[in-house]
Each structure stands twice: as structure tokens, then as C-alpha cells.
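Let's take a walk through this one, starting with the nonpolar residues and finishing with the sheet. Keep the model open as you read.

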Amino acid sequence: MSHQHSFDHLETLAIHAGNTADPLTGAVVPPIYQVSTYKQDGVGGLRGGYEYSRSANPTRTALEENLAALEGGRRGLAFASGLAAEDCLLRTLLVPGDHVVIPNDAYGGTFRLFAKVVARWGVEWSVADTSDPAAVRAAITPKTKVIWVETPSNPLLGITDIAALAEVAHSADARLVVDNTFASPYLQQPIALGADVVVHSLTKYMGGHSDVVGGALVAADAAVGDDLAFHQNAMGAVAGPFDSWLVLRGIKTLPVRMDRHSANAGRVAEMLTNHPKVTQVLYPGLPDHPGHEIAAKQMKSFGGMVSFRVEGGEAAAVEVCNRARLFTLGESLGGVESLIEHPGRMTHASVAGSALEVPADLVRLSVGIEAVDDLLADLQQALG
């Protein structure tokens with residue numbers, strides 16, 4: 001599914017890649033092909049390559065072409081959720097006995113997939129600080145086949161040098177997988193920096209409106225993409241046509257949304273830095289963030305996620321979440337509306353007691369695109 005376009009600016013690709021006018025009616029938006037099966041032109045004569053919507057659906061094809069174009073990959077694949085995409089990827093690239101290096105700061109669901117599901121299949125894993133290439137190199141074993149990276153990471157907003165980790169992975173004959181959910185392809189291009197596969201929760205910034213659940217994989221290599229597509233069909237956790245259509249619609253405004261998310265988050269981080277009840281602000285756009293220089297090098301801007309720690313420990317952090325009014329208390333992220341949560345009790349409860357356990361006094365914000373003065377006022381009253 002490699003497609004060449006006469007334009008290469010992501011703002012244009014977001015609107016046009018995969019979004020060809022309907023040949024029958026001229027509709028400028030791809031139709032929702034809400035269909036399970038397709039009339040064949042004789043036995044084995046597939047019309048346009050379609051036979052059954054688990055294997056392929058025209059609306060999903062449009063999204064997958066769009067994803068591949070945005071990430072600069074050879075093939076994009078859309079799934080029912082981000083974790084469905086991760087599961088397909090791991091079972092495609094790994095066999096029992098293989099080893100994976102995972103980050104010491106990762107989404108709780110990803111950790112649960114490794115620790116509670118993939119491990120039972122006989123895949124080994126170990127944890128490393130992926131912001132330190134030497135630590136990752138030390139964690140590699142002769143069985144290591146994948147190095148897994150989130151950058152910015154969830155929820156501590158750590159930054160990994162993708163190009164440096166690509167060199168580490170490839171020197172060990174391993175593949176580098178980058179979860180690009182927090183940055184989106186508008187802010188960061190992992191494949192251009194050497195990543196082999198990019199992972200997305202399409203639920204987040206790509207969909208952008210908190211109205212769809214989905215996941216994606218984009219492969220840099222065509223052969224890997226074909227292997228992933230085989231497993232996608234064999235395992236079946238595909239994105240439905242309406243979900244695919246919703247994500248396509250969301251992606252069209254991704255660039256303008258990400259600009260606003262980033263601008264608002266920068267203002268929020270600055271305010272929190274100066275608040276007397278905040279003990280630490282975690283945002284790669286701050287000059288004192290340990291990954292700031294790398295983030296500035298590999299990202300267009302710094303994104304819409306901000307985490308911070310508060311005086312008074314866990315009880316105070318929970319109270320801040322409960323007092324917020326404009327920031328909605330809820331899991332997930334990346335929508336146009338602002339969200340607040342307590343990772344230790346919510347999105348990252350599954351990592352409690354592990355090397356990935358998050359601080360109890362941590363609050364995570366998904367900064368939306370509302371008027372920033374309203375967001376600042378809400379946080380100030382929530383902090384008290």
C-alpha cells in the first residue's frame with residue numbers, strides 16, 4: 001500500500017491522502033461502506049480486491065492509506081483499538097522465547113499486555129530507561145527482537161532520542177517500535193528518524209474528538225507491512241467502517257488542533273511552574289526538562305500533554321482532580337476538550353508495584369483547545 005503523492009506537506013496530506021473523490025457520485029468525502037461482503041465477478045474474481053470486510057473495506061483502506069502517508073511508511077493498518085494494534089504487532093514480530101526491551105515509563109495498558117498476556121505466550125521482557133541509550137544497550141540480550149519506545153512517554157512525559165535508539169536497535173538486529181500517540185505525525189516523524197514500526201492509539205489526537213476508539217500500525221518496510229496485514233486479517237481486530245470514517249474526519253484538522261494543543265499546554269506548564277503548590281512540572285517544552293533539547297530537535301512543537309506533582313501527596317493530587325470544573329475528570333486524552341486524571345489510581349493502576357509505578361502525587365492533563373485563560377483559571381482554583 002505504498003502511494004506517491006505530488007505534495008509532501010503534512011497539512012495537505014492530512015486532508016487529501018486516501019481521500020479520493022468517490023468515482024460514482026464525486027463525493028469529496030469517502031463513503032462509509034457499511035457492508036460485510038461483496039459481489040464477486042465470478043469465482044475468485046474480486047472487484048477492486050474486496051471480498052469480506054474483515055480482510056479489507058474501502059473506508060478502512062482510505063484511512064490506512066492516509067496513515068501511511070502521514071507517517072512516511074510503506075503500509076498503514078487500522079485496528080479496533082490501540083491495544084489490538086499492539087497485540088497484532090507483537091504476535092507478528094515475536095515468537096516464544098524472544099525478548100523485548102520496554103520503557104520504564106509507558107502506558108499502563110501496554111505494560112499489562114506485556115506482563116499479563118504476552119509473557120504467558122513465552123515472550124520475555126525487561127525494563128530500561130529509554131532516554132539513556134546506554135541503559136537500553138545494556139538491557140539487550142541475544143534474544144532481543146524489539147525495542148519499544150514511547151516519546152513523549154505516558155505519563156511522565158519522558159523523551160527518547162529516536163535516531164539514537166534506532167542505531168542501538170539495528171546494531172543488535174532488533175526492530176525499533178515507537179508509540180507516536182502523544183506527538184502525532186504532525187509533531188514527530190519516527191520512521192524518518194529510523195523507527196521500523198509506528199504505533200498509534202487513534203482514539204487520541206488522530207481522532208481528536210473523544211468519539212471513536214481505534215488503533216494503527218505503520219510499517220517502514222513493505223515486507224513487514226505485508227506480514228502485519230496477514231496477521232491483521234488472521235486475528236481480525238480490525239477498525240470498522242464508521243470508526244475509520246470518524247478517524248479520517250478527525251485527521252483532517254490534526255495540524256490546526258495540534259498547534260492549539262501545544263500553545264495551550266505551553267501556557268499551562270508555565271503557570272504551573274510558578275504555582276507554590278506544584279513541586280514539579282513535566283513538560284518537554286520547558287527549558288529545564290531533561291529531554292528538552294532532544295524534543296526540540298525531533299519534534300515540531302511539544303504537544304498537549306502536561307503532568308505535574310503537588311504538595312501534600314496522593315490525597316492532594318486526588319483533590320485537585322476532583323475540584324477541577326472545566327478540565328473533565330476522565331481517562332484517555334487527545335480530544336478537543338481538556339481532561340484531568342490521577343494516573344496512579346486510573347490509567348496506570350496496572351503498573352502499581354512494578355518498575356513502572358508512577359508517583360502517587362502525580363496529576364496528568366490533556367490540555368484541550370479551549371480559551372487558555374479559562375483553562376488557567378480552572379487549574380488555579382483546583383489547586384486552591
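The largest nonpolar core has 38 residues. If you want to find the middle of the action in this predicted model, look for Leu63, Leu67, Leu70, Leu202, Met206, Val247 and Ile251, which have the most contacts inside that core. Two or more residues each come from helix 1 (10-16), helix 2 (58-71), helix 7 (184-187), strand 7 (215-219), helix 9 (241-251) and helix 10 (254-273). Helix 2 gives the largest share, with 5 residues.

Val247 is a handy place to zoom in. Leaving aside residues up to four places away in sequence, Val247 touches Leu63, Leu202, Met206, Gly207 and Val212. Apart from this core lies another one, of 29 residues, and Ala84, Val146, Val199 and Val224 are among them. As a rule of thumb, nonpolar side chains in soluble globular proteins tend to be buried together.

Now for the sheet. It is an open one, built from 7 strands in the order 1-7-6-5-4-2-3, and the pairing is mixed. Strand 1 (75-79) and strand 3 (124-128) sit at the edges with a single partner strand each, so one side of each has no neighbour in the sheet. From one strand to the next, the twist averages 20°.

What does the pairing look like at the strand 3 edge? Strand 2 (residues 99-103) and strand 3 run parallel, and 5 bridges join them. To pick out one of these on screen, go to Val101: its bridge partner in strand 3 is Ser126. In general, strands of a sheet pair through backbone hydrogen bonds, either parallel or antiparallel.

Technical notes. Residues are numbered from 1 along each chain as its sequence is written. This is a predicted model: local features need pLDDT of at least 70, side-chain atom pairs count only at pLDDT 80 or more; totals for chains, interfaces and linings use all residues. Side-chain values use heavy atoms; hydrogens and water are left out. A nonpolar core is a set of buried Ala, Val, Leu, Ile, Met, Phe, Trp, Tyr and Cys residues joined through side-chain atoms within 4.5 Å. Buried means under 20% relative accessible area, exposed over 50%, partly exposed in between (1.4 Å probe, protein chains only). Helices (H or I, at least four residues) and strands (E, at least two) are DSSP runs, numbered from the N terminus. Contact means heavy atoms within 4.5 Å. Two strands pair if DSSP finds at least two bridges between them. Axes are lines fitted to C-alpha atoms, for helices over the stretch in contact, and angles run from 0 to 180 degrees between N-to-C directions.
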